[in-house]
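Please open the structure in a viewer and keep the selection panel at hand. The stops below are to be visited in order.

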Amino acid sequence: MSKIEIFTDGACRGNPGPGGWGALLRAGKHQKEIYGGEKETTNNRMELTAAIKALQQIKNPSQVVLTTDSQYVRKGITEWLTGWKAKGWKNSQRKPVKNADLWKLLDEQNERHQVTWKWVKGHSGHTENEIADQLANRGIDEL
């Protein structure tokens, strides 16, 4: 099974507003950068989209270490998702889970791979996170 490292980030100018997502994928000596943007979105949607798009790039089930600077993404997938699914995509206040469309897509990708979810503080000089941030901003700039 392949081992792949992924570093993701999302960005938004205004929340909601124009947003971008970026990801750096690394497998051995091979590296790939991907990014994109949406005219009207939120920061959390872009953080989720970065992880989804990066995992979708991987053709075969793989061992993945995905590093994000979003506690929303990391805690959502590792702590909250099971409860949301059990409650029919309702949160602890019995309200519909925000961004459920994206959470469902991320859940599909998470099931396809063996993913270890890591968190890193954003804008703290972490090289790969800074690259993902630049890619996310490029996604906005090129809208």
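The tour starts in a loop: select Asn-99, which lies between H2 and H3. Helices (H or I, at least four residues) and strands (E, at least two) are DSSP runs, numbered from the N terminus. Phi of Asn-99 is near 60°, a positive value in a residue other than glycine. Asn-99 has a relative accessible area of 15% and is therefore buried; buried means under 20% relative accessible area, exposed over 50%, and partly exposed in between, for a 1.4 Å probe and protein chains only.

The model is a predicted one, in which local features need pLDDT of at least 70 and side-chain atom pairs count only at pLDDT 80 or more, while totals for chains, interfaces and linings use all residues. Residues are numbered from 1 along each chain as its sequence is written, and side-chain values use heavy atoms, with hydrogens and water left out.

**The loop between H2 and H3**

Now select Trp-89, which is also placed in the loop between H2 and H3. Trp-89 has a positive phi near 60° and is not a glycine. Is Trp-89 buried or exposed? With 17% relative accessibility, Trp-89 counts as buried. As background, most residues other than glycine have a negative phi, and most peptide bonds are trans.

**The aromatic rings**

Next, display the side chains of Tyr-72, Trp-80, Trp-84 and Trp-103, which ring pairs link into a cluster. Rings of Phe, Tyr and Trp (its six-membered ring) pair if their centres lie within 6.5 Å; planes under 30 degrees apart count as stacked, over 60 as edge-to-face and the rest as tilted. By this rule there are four aromatic pairs. One of them joins Tyr-72 and Trp-103, an edge-to-face pair at 5.3 Å centre to centre with 65° between the planes. This pair links distant parts of the chain, 31 residues apart: Tyr-72 is in helix H2 (residues 71-86) and Trp-103 is in helix H3 (residues 100-112).

Keep Trp-103 selected and add Trp-84. The ring centres of Trp-84 and Trp-103 are 5.1 Å apart and their planes are at 65°, so this pair is edge-to-face. Because Trp-84 lies in helix H2 and Trp-103 in helix H3, the pair ties together parts that are 19 residues apart in sequence. Trp-103 has 0% relative accessibility and counts as buried. Trp-84 is buried too, with a relative accessible area of 11%.

**The strands**

Select strand E1 (residues 3-12) together with E4 (residues 63-68): these strands pair in the parallel sense over six bridges. Two strands pair if DSSP finds at least two bridges between them. Lys-3 has Gln-63 of E4 as its bridge partner. Add strand E5 (residues 114-119), which pairs with E4 in the parallel sense over six bridges. There, Val-65 has Thr-116 of E5 as its bridge partner.

Return to E1 and add E2. How do E1 and E2 run, parallel or antiparallel? E1 and E2 run antiparallel and are joined by eight bridges; Phe-7 has Leu-24 of E2 as its bridge partner. Four residues lie between the strands of this hairpin, where Gly-14 takes a positive phi near 90°. In the loop between E1 and E2, select Pro-16. The peptide bond from Asn-15 to Pro-16 is cis, with omega near 15°.

Extend the selection to E3, which runs antiparallel to E2 and is joined to it by ten bridges. Gly-19 has Glu-38 of E3 as its bridge partner. The hairpin of E2 and E3 has two residues between the strands, and Gly-28 in the turn has a positive phi of about 60°. Nine of the eleven residues of E2 are buried, so E2 is largely enclosed by the rest of the structure.

**Helix H1**

Select helix H1 (residues 43-56), which has 14 residues and reaches 20 Å from its first C-alpha to its last, close to the 20 Å expected at 1.5 Å a residue. The expected span is 1.5 Å times one less than the number of residues. Buried residues of H1 include Met-46, Leu-48, Ile-52 and Leu-55.
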